[in-house]
Amino acid sequence: MHIDAMHNDTERCVRAVQSKDQRFDGWFFTAVLTTRIYCRPSCPVVPPKVENMSFLPSAAACQQAGFRACKRCRPDTSPGSPQWNARADVVARAMRLISDGIVDREGVPGLAGRLGYSTRQVERQLLAELGAGPLALARAQRAQTARLLIETTPLPMADVAFAAGFSSVRTFNDTVREVFALSPSELRVRGAKQPQTPGVISLRLPFRVPLNPANLFGHLAATAVPGVEEWRDGAYRRTLDLPYGHGIASLTPRPDHIACLLSLTDLRDLTIAISRCRWLLDLDADPVAVDGQLRTDPMLAPLVDKAPGRRVPRTTDAAEFAVRAVLGQQVSTAAARTHAARLVAAHGVPVDDPAGGLTHLFPTSGALAGLDPEALALPRSRRATLTSLVSSLDDGTLRLGIDSDWEQARAQLMAMPGFGPWTVEAIAMRALGDPDAFLPTDLGIRRAAQELGLPATPAAFTARASAWRPWRAYAVQYLWATEDHAINHLPA
């Protein structure tokens, strides 16, 4: 069900609020007409009378209608709507870009230009589905970023204002008071009990339960590129190449949240760093919907029941993953890591990591565009594939990102030399976030299919897997988990 239909289904929304169902946090918001406060469905307070409830599709729509955020349930910290990661239409792509901070960096014209639409078309479609335009949606996000900085850092308020994306301290003060019914200094007092480490922002990344961390963090740790990623003290850590500087993220799985530590060279990158960490871990997924669909297949049901809540491990940079996918063609996980580590050491930007062993940013396509193919310890055909890819990424012929049109990106990749269905679908699944990407020719998937008695040929297997749509990328995770491979286990 699309989110526009969800908030219009009054009966269903009322049931969710009265049962305090956390699964619907982020799908819609409850605006209380008597108190002028808006809440998440799972708010712990006594639910208001039905006649005093109104349901809106976004926090921005609530704020535009004059409602303030609840101080108990903090609706601004809800998980994002799962719709934006399950769809590839213009609204979903716009929401992914807004979450990535594009409006603050490039304005509404920049957002529209990336989507290939006019500003009027984008504004009209967002307003129709979300009750707010791109500026209001970005404003709501700035308010949330400001609250995080106020509560988790000792920064002066003027620095918080500009780091959060506000154009002036006055606008920052007015927005915080309007959204949270508290001044910035009052918010800081409320958050003063939280421990603070100088230079590090500590926050909790919420998700919808269940979440199985084994394949998610196991995959990221097992395929980690030395210098760029590592598993240390129970946390997955990696460097981030961001618009204003670089950062280091440390992500630790907890039963009800992901503990996130961010060290940034420029705090203006906070919004995009959070967005990319959430994207990496697929935290806005709706596991109940995914697992419910996969359970309808008697072949998959036992796998889902054994360990529900698997997520798709993604990436923080689509272009980086495309390069790594080429390096991983027809070689082992260890060999792919070795090839990537050599590129990092030769072409990555060095960074300082006092807390661990991270040394570099993964090299950009621009840095790799000038590399000597003969210096690569790869077969000649794969050298040609890699150089063709980085050249297309560098000159803009190929654009891969959270805003990509999935089918257009597939067609562009398939037209490039050395790109077959496995590489293209791996990029679609882990870099572009298509929840229906499928890898019928993958060796691990084929072994799992044989063990379960599923069809052997790719064509017959694909036809059989049509019952899993639109969640075949999640089915891949359950099938991979049938093997005793490092990607399926949290590191010791």
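This presentation describes the predicted model of a single chain, from its overall dimensions to selected local features.

Good morning, colleagues. I shall begin with the chain as a whole. It has 24 helices and nine strands. For a compact globule of 492 residues one would expect a radius of gyration near 23 Å, and the chain has 23 Å, so the two agree. Taken along the principal axes, the C-alpha atoms fill a box of roughly 65 × 50 × 50 Å. Of the 492 residues, 55% count as buried. As for contacts, if we consider those between residues at least 6 apart in sequence, 67% join residues at least 24 apart.

Let me turn to the sheet. Five strands form an open sheet in the order β5-β9-β8-β7-β6, and the pairing is antiparallel. Which strands stand at the edges? They are β5 and β6, the latter spanning residues 229-232; each has a single partner strand, so one side of each is left without a neighbour in the sheet. On average, and with direction ignored, neighbouring strands of this sheet are turned by 25 degrees against each other.

I would like to look at β5 in greater detail. This strand covers residues 201-205. In a regular strand the side chains alternate between the two faces of the sheet. In β5, the covered face carries Ile 201, Leu 203 and Leu 205, while the uncovered face carries Ser 202 and Arg 204. The partner of β5 is β9, residues 258-264, which runs antiparallel to it and is joined to it by five bridges. Within this pairing, Leu 205 stands opposite Ile 258 of β9.

Beyond β5, in the loop that leads to α12 (213-222), we find Pro 210. The peptide bond from Val 209 to Pro 210 is cis, with omega near 0 degrees.

Next, the aromatic residues. A search of the whole structure finds nine aromatic pairs. I shall present two of them. In the pair of Phe 28 and Phe 55, the ring centres are 5.6 Å apart and the planes stand at 85 degrees; an angle over 60 degrees counts as edge-to-face, so this pair is assigned to that class. The pair links distant parts of the chain, with the two positions 27 residues apart in numbering: Phe 28 lies in the loop between α2 (10-18) and β1 (29-32), and Phe 55 lies in strand β3, residues 53-56. Both Phe 28 and Phe 55 are buried.

In the second pair, Phe 461 and Trp 468, the ring centres are 6.1 Å apart and the planes are at 85 degrees, so this pair is edge-to-face as well. Are these residues buried or exposed? Phe 461 has a relative accessibility of 1% and therefore counts as buried; Trp 468, at 0%, is buried too. Together with Phe 438, Phe 461 and Trp 468 form one aromatic cluster.

The residue after Trp 468 brings us to another cis bond. The peptide bond from Arg 469 to Pro 470 is cis, with omega near 5 degrees. Pro 470 is placed in the loop between α23 (458-464) and α24 (472-480).

Aromatic rings also meet charged side chains. The charged end of Arg 147 sits over the ring of Phe 180, 4.7 Å from the ring centre. Likewise, Arg 314 lies over the face of Trp 279, at 4.0 Å from the centre of that ring.

Two backbone positions deserve mention. Lys 20 is not a glycine, yet it has a positive phi of about 50 degrees. Lys 20 is found in the loop between α2 and β1, and at 29% relative accessibility it counts as partly exposed. Arg 74, also a residue other than glycine, has a positive phi near 50 degrees. Arg 74 belongs to the loop between β4 (68-69) and α4 (83-86), and its relative accessibility of 21% makes it partly exposed, because the limit for buried residues is under 20%.

Finally, I come to Gln 329. Where does Gln 329 lie? Its place is the loop between α16 (318-327) and α17 (333-347). With a relative accessible area of 10%, Gln 329 is buried. Apart from neighbours within four places in sequence, Gln 329 is in contact with Arg 382, Gly 418 and Thr 423.

That concludes the presentation. Thank you for your attention.

Note on methods. Residues numbered from 1 in each chain as written. Predicted model: local features only at pLDDT ≥ 70, side-chain atom pairs only at ≥ 80, totals over all residues. Heavy atoms only, no water. Buried < 20%, exposed > 50% of the residue type's maximum accessible area, 1.4 Å probe, protein only. Helix = DSSP H or I, 4+ residues; strand = E, 2+ residues; numbered from the N terminus. Pairing = 2+ DSSP bridges. Phe/Tyr/Trp six-rings, centres within 6.5 Å; stacked < 30°, edge-to-face > 60°. Lys NZ or Arg CZ within 6 Å of the ring centre and 35° of its normal. Axes fitted to C-alpha atoms, helices over the stretch in contact; angles between N-to-C directions. Rg over C-alpha atoms; globule rule 2.2 N^0.38 Å. Contact = heavy atoms within 4.5 Å.
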